[in-house]
Amino acid sequence: MLRFKRRSRNNQTYVSFLAQIDDNTFTIRHEKANKCIQVKNQQVTAEDCQETKENLWTWVSQHRLFNLGSQKCLGIDTTKSKDPLKIVDCDSDITLWWRCSDASVYSASQNKLILKNGVLTVSVDSSDAWRRNNSSDVICKLPYHEIYTRDGNSYGKPCEFPFLFNKTWHHDCIHNEMFQGGEWCSTTSSFSQHGKWGFCLKPEDGCQDTWEHDEKSGSCYQINTQAALSWKEAYVSCQRQGADLLSIRSASELNYIQGKYSSVESILGNILWAESNSSVCKVCILFLSLSPSLSKCLVRSRMCFFFNISNGNITFFLFVNLADNIISCNTKLPFICEKYNTSLLETHDPSYKPPQRKCPEKWHSFLNKCFQIVPSRDLKFKEANEYCTSFGGLLPSIRNQAEQDFITSLLPGLPQNIWIGLRLHIHSRENKWVDGSSLEYSNFHPLLQGRLRRVHLDFFDEEVNAQCGVLLNNLNSHVGTWNFTSCADINSVAICQREAAENQTQQMLNVTWNYRNVTYTALLKNLTWFDAQQECLQNNMQLVSITEQYQQAFLASQAARYNSPLWIGLSSKDDGIHYHWLDRKRISFSRWSNEDADLLDNCVYLDTDGFWKTSECYSEKPGAICYLPGKLYHESVHCPHKIKNTPWVAFRNNCYTFLITKNRMSGLRSGEGHHLCRMMNINASLLSIKDEGENNFVVEQLHAFSGLAQWLWLGLLYESDNTLRWYDDSRLSYNNWRLGRPSIKSNNFVAGISLDGFWDIYNNTENWVHLQFSLHSVLVCKIEMEPKEDKPPLPTALPYRNNTYWVLQKQLNWYDAWKECKRKGSELASIHSESEQVFMEAIVKNDGFPLWIGLTSHNGSDSDFEWSDGSAFDYKPWEYEHSLPPGNCFLLDTKGMWNRMKCTHHIDGAICYSSSNKIESKQAESSTKCPKTTGGLSQWIQYKDHCYAFDMEFYNFSTYTSDAAKDVCKKLDPSAALLTINDADENKFVTAYLRQHYFITGRVWLGMQSNGQSLKWLDGSEVIYANWAKGKENANGECSVIFSANGTWSRMDCKNVQSRVVCKAPQVTNHTGGAIAVAVLIIMVLLVGLLYYLYKKKRLQWGGFSSVRYERGIHEEETDSMFARDGD
């Protein structure tokens, strides 16, 4: 505390500042300039360091820096570019938040304090170091800690510093006449406004004031009857006073508490908080005589306890998930603090030496057992145990986490699957170790939980039916965990175990170890985390960083061996939100305890149960671990790490974490998985994959789960129109679907990356699909450390030069793709230059799926490829020249490369285009003398005395072999046959029409047959006219085609070549039209005759009939025209 003494001299008042400063006040000294920050006349400056109140600062709540002289807080006004530092009231709206990064001091806006040319200011880029007083300590070494209260009207809540009282900000508890009985504080920021207060609870010597002393137990107790705090708050309130929550160790202590408590029973509501111990099973035994409700030990780790007093009896409750009446640890209850004689179960004796057991040569001693790494052999379970017997031991029986950790530390270099001495008898369903003991501790791989294992029964071999335990030795995934396999399987035996001999004479404790070429030293004495750090540095070492599972297992076994919680080099600079290793190594492994979920402090220690736990940095632990870290590695990507989280793995500029979720047995949904990721980090989302390299990386991580996981969750959402998006709101720029473009209509699906790297998707209409996927999957969360580059969606129309392109997005073969394009007035894409190739590559990469293009061959060989739009094949990239069969159709893969594929194979779409330069040729008018068509717009085209079916709609937009083509024509019309050419004019007409209406191929079957040396048309007539291409008349093949490009003919293979079909039919003689005309003429003659007869008889009396007589019939013109056409 600061102490001031006022005295008067010559009518002037002087203040004598006594340099008696508590640990919470300090100067802020610039290391290089040796100047201190002070406040004078409401201005923040850097001056010579003096122990005056203007130079002194202290930390208050919400990371604020409080100046004792001005009684105000240091702030930064980010709206001011000049002189942004301000000294303001502590409830100001400007930024008052300050923290340390090493020796730098920075604000919430990441601006750091700097001293530039003697002027105090801020800058984002700064390396200025600030020290506490004249020491080398950073100013954050002793941060602000809450002081709790009692009595008053705040129910034990902590003080709020600073608080406003009588227009003055107070950074500590105060005395005044308002509240007699000690120092008090406000529990809100303004006592004048809210009036909430309580007496301060601070550490004190002995049992004074608020403490009561029990002569029998020697303990002091503080009964906080008016408090209402959560378990965490109650725990911290006691700890801040150098005490602990109540631990009851005897019946006499219980009677004392019960007697004190019964006098205020009606006030307390019968419930108090109590503290459990790290060895809860032992506590259960102590409570056994006091509470029948604890007749069975339910937990093995630290939990929240409370007890209830009713009718003079005390009952204890502990919180487990299966309890009937669960009260949250956040429930507000009174509590009792105890100090001095705390529970022996948690007291560390500095003189403690681990018992030394004697083991034979080559055997490793650990606690009361001996272990030996034996030459590895692959054997069945029974033979493996006999092999250990030959060394004087048995297969390992693992009784607790300490033994598990020690065995895990022996695993480097050993086989992946190692027998342990566990055997499950199928019929009795009983687990037994080979030494005859029952299974009490288990460590099965978390992915096995909830799974059913199919066991193949063999009625003649019991060893096949029995299931035996194996130890999984995969460093990348839960090393040391167990699995069951048939006892008749072949696995490795590598570790044997035997009991150690009786205790030997105590030897000197060796605190230095060498493990896997790294030297470690244990400092076995009471130390704060800061003290441990300094002692390690003095020995040219660092507080240890634990970065892999073998190392963790070794160090945990040492903590258990020496029964000492040990500081490690992990700490937080933001009140337990994120943690970092002191030597800046990446956090690639973690072993956080599930205890004290809400009790987070800044420094971390390795407890005797092998788990990491947090504690206040200035609290003392009985030891620490130092090590020689070797070469330090600084990563360019710094992934965040929060307590309880699995580590984040860096790859490129992203961070990933792989989770085995606890609720996967209920069938985890992707939305729930995404929520878990967001809970771990606000910027995280379910896994998204942007390229092949990233896909390969995550598949490599999946293989680390020892084959127990089949998939990694993919963070996909259904958007609309059969499209998917990532949960991070970006679009798919890469995919690796096993079955091609998925057809999804809703979000009722699950998707994942399999072990082979392909993506699988399942419509989970059945709950069992979802459950099975969840049980065999690992959840992956991802943080993109750089701004996301989200590609825009592929436009529906892509103009390029004189063409407009679009993507047909559905699974189909090449022929169906061509039909779809044609039906929409387009063509399959063709490529004629490098620039067009680059444009097509961009399309296919954006779509993310392989797409058909129009290049194909239908002659059954690797030659004669042609574009389906009839354009010249004038561009041939490298991959075309080196393409290999099978397959006569081409596609662009997701990299834009040309690949051959069977034309009947289904892929994920096609690129179509329409040309703005396309000249629509006027189709000749169909004649009534041509065969009639039913439905559609297709028409026969008349030329001279024959009709031709050119339109591909007649043929379902398909090509055919020669035999199939003949059948097509007969089905089209009985009089139709394959195309024949009788003279040069007809050849010219057909060629011109085919060239203008190009479909798939330029070849069209001719209805010609070969009979030895003679050629005849299919109707038996002689071939009078021919237009053979040079050298093609005698080519191989019994069938012939005409080429649309130049009208020449060539021989082709009838069965293996597919060509276009044009059917030809003779004109239809119009007998029906002539008959109708004759009938109409006869009727008209009869009508004229009848009228003449009636006129002669003068019996025609209806004037209206004359209109019929003189007006032209309504169909006369059509009748005339019909005859005229017929006579053409």
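Two strands count as paired here if DSSP finds at least two bridges between them. With that in hand, welcome to this predicted model, which has an open sheet of five strands and a count of 18 disulfides. Here is a short tour of the sheet and three of the disulfides.

**The open sheet**
- The five strands run in the order 3-7-8-9-10, and their pairing is antiparallel.
- Strand 3 (25–26) and strand 10 (85–88) are the edges: each has a single partner strand, so one side of each has no neighbour in the sheet.
- Two bridges hold the antiparallel pairing of strand 3 with strand 7 (residues 57–60); Phe26 has Trp57 in strand 7 as its bridge partner.

**Cys100 and Cys140**
- These two cysteines form a disulfide, S to S 2.0 Å, and its torsion is about 80°, so the link is right-handed.
- Cys100 sits in strand 11 (residues 98–101) and Cys140 in the loop between strand 15 (130–132) and strand 16 (149–150), 40 residues apart.
- Buried means under 20% relative accessible area, so Cys100 at 7% is buried, and Cys140 at 14% is buried too.

**Cys173 and Cys200**
- Another disulfide joins Cys173 to Cys200, and this link is left-handed, with -105° about the S-S bond.
- Cys173 lies in the loop between strand 18 (168–170) and strand 19 (184–186), and Cys200 in strand 20 (residues 197–200), so the pair ties together parts 27 residues apart in sequence.

**Cys238 and Cys337**
- Here the S to S distance is 1.9 Å, and the link is left-handed at -80°.
- The disulfide connects helix 2 (residues 231–239) with strand 27 (residues 333–339), its cysteines being 99 residues apart.
- Cys238 is buried at 0% relative accessibility, and Cys337 is buried at 0% as well.

Technical notes. Residues numbered from 1 in each chain as written. Predicted model: local features only at pLDDT ≥ 70, side-chain atom pairs only at ≥ 80, totals over all residues. Heavy atoms only, no water. Helix = DSSP H or I, 4+ residues; strand = E, 2+ residues; numbered from the N terminus. Disulfide = S-S within 2.5 Å. Buried < 20%, exposed > 50% of the residue type's maximum accessible area, 1.4 Å probe, protein only.
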